[in-house]
Amino acid sequence: MLKSARTKEKDPEGRMPLAEHLRELRNRLLKSVLAICVVTIVAMFFYMDIAKFLMQPVLDAVGCGGVSLSDLSGQGSKGHDCAYFTVNGLLSPFTIMLKVSFTTGLVVATPIWLYQLWAFLAPGLHRNEKKYGLFFVGLGVPLFVCGAYFAYMILPTSAKVLIGFTPEGANNLLPLDDFLDLLARMIVVFGLAFELPLLLILLNFTGVLTGRRMLSWWRAMIMGITVFGAIATPSTDPIGMFALAGPVVVLYFGAVGVSLANDRRKARRRAADPDFGLSDDEASELDLTPEAVAAPGARPELTDGDDSGGTPRRNGYDDVT
């Protein structure tokens with residue numbers, strides 16, 4: 001059922017009809033979704049421990065400790081400084097279990113769906129470009145996990161800032177399902193944002209972008225990353241915005257440095273070997289310089305006494321003209 005469409009017949013140039021491309025994309029998506037579902041089912045058995053792990057940093061930052069809901073109303077001014085997680089409705093605990101398990105499946109199955117993404121794109125590359133597949137998966141997984149963990153670490157700070165806007169005399173009740181929706185969105189956004197330098201490095205290694213071109217974009221990139229951080233983070237304070245934008249900007253300049261070094265390496269190799277960078281299915285450059293043609297005077301002139309027996313020639317021509 002999930003057999004790859006490329007196993008039927010392989011074009012030496014990697015070409016496929018549109019229907020085969022769509023079938024291949026479907027198979028890759030199904031494999032990714034299947035991996036996420038398997039991890040999600042396993043995570044259901046550890047739902048309580050995972051939920052506690054996700055909630056604990058926020059509880060440590062803004063939790064009301066052992067105070068019960070009935071006691072919050074009598075706290076007066078103290079109640080606005082802390083928050084209490086709540087579950088509303090009969091089906092909410094089951095929905096929360098699904099959200100926690102799915103978030104875990106999405107993060108833990110990162111190596112599989114990243115590899116499926118690369119496997120779909122790799123056949124369109126040359127042989128010397130496919131070797132970067134392991135590099136893509138090997139570096140992409142820790143970058144995504146680092147971004148997800150970074151979101152997990154700054155969420156308590158964001159929650160503390162937001163809780164600080166609560167008016168005097170009011171109490172904070174945080175619906176747990178809304179909190180998990182926010183946490184899942186931040187994990188995905190931060191994880192994908194940390195993949196930006198890897199994408200730039202891959203575009204450079206495959207010859208699409210040069211390091212100089214990337215460096216010329218630094219003003220627009222900093223502005224775009226900062227705006228993205230302001231939109232992606234839930235808090236209105238600059239702490240959360242720069243908490244996301246700062247590391248991504250550092251990673252961007254790191255990717256530019258790697259790309260510039262790679263461009264210099266390619267230039268040195270190309271100067272020593274003109275055929276450097278060509279794969280087995282690529283031809284080297286042809287010498288299209290026109291060959292020198294001998295001058296007409298250098299040809300032997302045929303006279304009327306030619307032994308060919310044909311029409312007499314004058315200076316190599318059949319007639320006087």
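## Working through a predicted helical model

Asp177 lies in helix α8. Keep in mind that the model is predicted, and have it open as you go.

**Exercise 1. Work out how Asp177 sits in the structure: how accessible is Asp177, and which residues does Asp177 touch?**

Step 1: start with accessibility. Asp177 has a relative accessible area of 24%. Buried means under 20% and exposed means over 50%, so Asp177 counts as partly exposed.

Step 2: look for partners. Setting aside neighbours within four places in sequence, Asp177 is in contact with Ile96 and Lys99.

Step 3: check a long-range pair. Asp177 and Asn88 are 89 residues apart in sequence, yet their C-alpha atoms are 8.8 Å apart in space.

**Exercise 2. Stay on helix α8 and move to Phe190: is Phe190 buried or exposed, and what does Phe190 touch?**

Step 1: place the residue. Phe190 is found in helix α8 too.

Step 2: read the accessibility. The value for Phe190 is 0%, so this residue counts as buried.

Step 3: list the contacts. Leaving out residues up to four places away in sequence, Phe190 touches Gly147, Phe150, Ala151, Ile154, Thr233 and Leu244.

Step 4: add a distance. From Phe190 to Ala148 is 5.8 Å, C-alpha to C-alpha, with their positions 42 residues apart in sequence.

**Exercise 3. Find the centre of the nonpolar packing: which residues have the most contacts inside the largest nonpolar core?**

Step 1: get the core. The largest nonpolar core has 62 residues, and Val100 and Phe179 have the most contacts inside it. Helix α7, residues 133-163, gives the most to this core, with twelve residues.

Step 2: follow up on Val100. Not counting residues up to four places away in sequence, Val100 touches Tyr47, Ile50, Ala51, Leu54 and Leu180.

**Exercise 4. Look for empty space: how many cavities of 30 Å³ or more does the structure hold, and what lines the largest cavity?**

Step 1: count. The structure holds one cavity of 30 Å³ or more.

Step 2: size it. The largest cavity has a volume of about 40 Å³.

Step 3: name the lining. Leu54, Lys99, Val100, Thr103, Leu180, Leu183 and Ala184 line the largest cavity. Helices α4 (92-108) and α8 (176-193) are the elements giving two or more residues to this lining.

Step 4: sort the lining by type. You get five nonpolar residues, one polar and one charged.

Step 5: tie this back to earlier exercises. Val100 is part of the lining, and Val100 also touches two other lining residues you've met, Leu54 and Leu180. Lys99, another lining residue, is a contact of Asp177.

**Exercise 5. Check the cysteines: how many disulfides are there, and how accessible are Cys37 and Cys146?**

Step 1: recall the chemistry. A disulfide is a covalent bond between the sulfur atoms of two cysteines.

Step 2: apply the cut-off. With sulfur atoms required to be within 2.5 Å, the count comes to zero disulfides.

Step 3: look at accessibility. Cys37 is at 38% relative accessibility, and Cys146 is at 45%. Partly exposed is the range between the 20% and 50% cut-offs, so Cys37 counts as partly exposed, and so does Cys146.

**Exercise 6. Compare two residues on other helices: are Ser32 and Ala261 buried or partly exposed?**

Step 1: place them. Ser32 is in helix α1, residues 18-44, while Ala261 is in helix α12, residues 238-272.

Step 2: read the values. Ser32 has 11% relative accessibility and so counts as buried. Ala261 has a relative accessible area of 35%, so Ala261 is partly exposed.

Step 3: look around each one. Ser32 touches Trp113 and Gln116, not counting residues up to four places away in sequence. Ala261 and Gly211 are 50 residues apart in sequence, with 8.2 Å from C-alpha to C-alpha.

**Exercise 7. Zoom out: how many helices and strands are there, and what share of the residues is buried?**

Step 1: count the elements. The protein has twelve helices and two strands, in the order α-α-α-β-α-α-α-α-β-α-α-α-α-α.

Step 2: take the buried share. Of the 321 residues, 36% are buried.

Step 3: finish with contact range. Among contacts with a separation of 6 or more, 74% come from residues 24 or more positions apart.

Notes: Residues numbered from 1 in each chain as written. Predicted model: local features only at pLDDT ≥ 70, side-chain atom pairs only at ≥ 80, totals over all residues. Heavy atoms only, no water. Core = buried A, V, L, I, M, F, W, Y, C linked by side-chain atoms within 4.5 Å. Buried < 20%, exposed > 50% of the residue type's maximum accessible area, 1.4 Å probe, protein only. Helix = DSSP H or I, 4+ residues; strand = E, 2+ residues; numbered from the N terminus. Contact = heavy atoms within 4.5 Å. 1 Å grid on protein atoms, 1.4 Å probe; cavity = no way out; pocket = protein on both sides within 12 Å on 5 of 7 lines; lining within 4 Å. Points joined across faces, edges and corners; volume = space filled by probe spheres on them. Nonpolar A, V, L, I, M, F, W, Y, C, P; charged D, E, K, R; others polar.
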